[in-house]
Amino acid sequence: MNISVELGLSIAAQLITIGIFVGKLNTFQKMVEFRLDRLESKQDKYNHLQERMTRAEESVKSAHKRLNEVEERVHEYHH
């Protein structure tokens, strides 16, 4: 009968260990998902910033072109 009690306690201890392990895996998975969501959010903000910078660069390029045209007209007018 002692062997059955020891076997039962051993099985119970192993089941508890497995339960703890599964619980930790679940917690780890949730942490990874949370961090991945944060990373995706940061990536979205970065992509939005890149789009805005591209539009700003195009606008600056256009403004420089117009300024150069005005400078040319002023230069032609004075000569």
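Here is a short chat about the predicted model shown above.

Visitor: How many helices and strands are there in the protein?
Guide: Since this is a predicted model, local features need pLDDT of at least 70, side-chain atom pairs count only at pLDDT 80 or more, and totals for chains, interfaces and linings use all residues. Residues are numbered from 1 along each chain as its sequence is written, and side-chain values use heavy atoms, with hydrogens and water left out. Helices (H or I, at least four residues) and strands (E, at least two) are DSSP runs, numbered from the N terminus. The protein has one helix and zero strands.

Visitor: Is the protein spread out or a compact globule?
Guide: Its C-alpha atoms fill a box of roughly 115 × 10 × 5 Å along the principal axes. The radius of gyration (over C-alpha atoms) is 34 Å, while the globule rule (2.2 Å times the number of residues to the power 0.38) gives 12 Å for 79 residues. Because 34 Å is well over 12 Å, the protein is more spread out than a compact globule.

Visitor: What share of the 79 residues counts as buried?
Guide: Buried means under 20% relative accessible area, exposed over 50%, partly exposed in between (1.4 Å probe, protein chains only). V22, in helix α1, has 48%, so V22 is partly exposed. K42, also placed in helix α1, counts as exposed because its relative accessibility is 53%. Across the 79 residues, the buried share is 0%.
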